[in-house]
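Thanks for coming, everyone. I would like to walk you through one fold this morning, and I will take it slowly, going from the sheet outwards to the helices.

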Amino acid sequence: MALKTLSAANAAALDKDLMSTGAFSLDQLMELAGLSVSQAVYKVHPPSRGPNVLVVCGPGNNGGDGLVAARHLVHYGYKPTVCYPKATKNELYQRLMTQLRNLDVPFTSDFAAALRSTDHVVDAIFGFSFSGEVREPFGAIIEAMEKTPVSVTAVDAPSSWNIESGPPAAGPGKDFQPKALISLTAPKPLVKYFKGRLFVGGRFLPPSVAEKYGVDMPAYQGVDQIVEVDQNGHRL
């Protein structure tokens with residue numbers, strides 16, 4: 001049986017339900033998402049393999065998830081660096097940036113230079129709502145992630161991928177296959193094109209919401225906020 005996935009429209013509607021009838025706030029959901037991302041990184045690339053992690057963040061909620069993940073990574077013993085070339089002035093994101101600065105996390109605008117000295121990359125540029133053409137500086141960053149031998153963990157979607165049809169036919173991201181993908185709340189249709197390790201992070205989801213959107217809740221273990229699954233949704 002194929003893994004059940006959540007379309008972009010249903011993912012947006014599910015988030016809307018969580019913030020209305022579910023009574024979650026945006027910063028709560030971002031905190032839960034970033035925590036899941038950080039746990040996926042710990043599974044894929046534990047600090048013993050190299051503590052330097054480059055977290056590249058986009059201008060939307062996916063980037064916010066990356067900022068939260070970077071904070072958690074500090075407390076796990078990593079040394080994250082954040083590349084946030086299109087930082088927003090929204091108060092929530094500014095607070096997340098301040099939290100990182102208070103932990104002495106460096107910010108860089110030079111992704112290429114930072115990539116040369118990192119042990120792992122977190123791709124938190126674009127998420128399930130991405131569509132259209134990749135614009136600079138993100139095109140060059142995606143091409144660099146595509147070519148680097150450094151392992152990459154993507155947040156909800158490998159950046160540049162269409163949520164339904166996967167990698168673009170041409171341009172940045174055409175051959176982008178990160179080592180790992182953490183699907184937030186539920187996997188999206190693009191996972192059928194993904195060849196790496198797949199994690200799901202949605203342990204906070206109320207059963208009523210999961211049932212409404214046909215989300216299969218995997219068997220989370222212990223205090224884990226994530227679970228690794230195969231293409232059939234079976235826990236590994």
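What follows is a tour of the sheet, of its two enclosed strands, of the helix packing, and of two single residues.

Before I begin, please keep in mind that this is a predicted model, and that the values I quote are computed from it.

Let me start with the sheet as a whole, which is open and built from 8 strands in the order β3-β2-β1-β4-β5-β6-β7-β8, with mixed pairing. At its edges sit β3, residues 107-108, and β8, residues 227-229, each of which pairs on one side only. As a reminder, strands of a sheet pair through backbone hydrogen bonds, either parallel or antiparallel.

Going across the sheet from β1, that strand covers residues 52-57 and pairs with β4 in the parallel sense over 5 bridges, and within this pairing V55 stands opposite V122 of β4. On to the next neighbour: β4 is joined to β5, residues 151-155, by 4 bridges, and the two strands run parallel, with V121 having V152 of β5 as its bridge partner. From β5 we step to β6 through 3 bridges, again with the strands running parallel, and here T153 stands opposite A180 of β6. Then 5 bridges join β6 to β7, which also run parallel, and L181 is found opposite L198 of β7. Which sense does the pairing of β7 and β8 take, parallel or antiparallel? Strand β7, residues 197-201, pairs with β8 in the antiparallel sense, over 3 bridges, and F199 has E228 of β8 as its bridge partner.

Now, how much of β4 is buried? In this strand, residues 120-124, 5 of the 5 residues are buried, so β4 is largely enclosed by the rest of the structure. In a regular strand the side chains alternate between the two faces of the sheet, and it is therefore worth looking at each face separately. For β4 both faces are covered, since H120, V122 and A124 are buried on one side, while V121 and D123 are buried on the other. The residues I named a moment ago as pairing partners thus reappear here, with V122 on one side and V121 on the other.

A similar description can be given for β6, where 5 of the 5 residues are buried, so that this strand too is largely enclosed by the rest of the structure. Its faces are both covered, with A180, I182 and L184 buried on one side and L181 and S183 buried on the other.

What lies across these strands? Helix α2, residues 26-44, lies across β4, β5, β6 and β7, and it runs at about 155° to β6, whose residues are 180-184.

That brings me to the helix pairs, and two packed helices are described by the angle between their axes and the distance between the axes. The axes of α2 and α4 come within 11 Å and cross at roughly 40°, an angle that therefore makes α2 and α4 oblique to each other. Their crossing is right-handed, and the residues that meet are L26, D27 and M30 in α2 and L92, Y93, R95 and L96 in α4. Sorted by class, this contact has 5 nonpolar and 2 charged residues, with no polar ones.

Helix α4, residues 91-102, also packs with α3, residues 61-76, at an angle of about 25° and with the axes 9 Å apart, and α3 and α4 are therefore roughly parallel to each other. In this pair the crossing is left-handed. On the α3 side the contact is made by N61, G64, L67, V68, A70 and R71, and on the α4 side by Y93, L96, M97, Q99 and L100. The class count for α3 with α4 is 7 nonpolar, 3 polar and 1 charged residues.

I will finish with two single residues. A9 belongs to helix α1, residues 8-19, and is exposed, with a relative accessible area of 57%. Although A9 and S129 are 120 residues apart in sequence, their C-alpha atoms are 8.6 Å apart in space. N162, by contrast, is placed in the loop between β5 and β6, where its relative accessibility of 31% counts as partly exposed. N162 and F130 are 32 residues apart along the chain, and 6.9 Å separates their C-alpha atoms.

How values were computed:
Residues are numbered from 1 along each chain as its sequence is written. This is a predicted model: local features need pLDDT of at least 70, side-chain atom pairs count only at pLDDT 80 or more; totals for chains, interfaces and linings use all residues. Side-chain values use heavy atoms; hydrogens and water are left out. Axes are lines fitted to C-alpha atoms, for helices over the stretch in contact, and angles run from 0 to 180 degrees between N-to-C directions. Angles under 35 degrees count as roughly parallel, over 145 as roughly antiparallel, 65 to 115 as roughly perpendicular and the rest as oblique. A crossing is left-handed if the near helix is turned anticlockwise from the far one by less than a right angle, and right-handed if clockwise. Contact means heavy atoms within 4.5 Å. Ala, Val, Leu, Ile, Met, Phe, Trp, Tyr, Cys and Pro count as nonpolar, Asp, Glu, Lys and Arg as charged, and the others, Gly among them, as polar. Buried means under 20% relative accessible area, exposed over 50%, partly exposed in between (1.4 Å probe, protein chains only). Two strands pair if DSSP finds at least two bridges between them.
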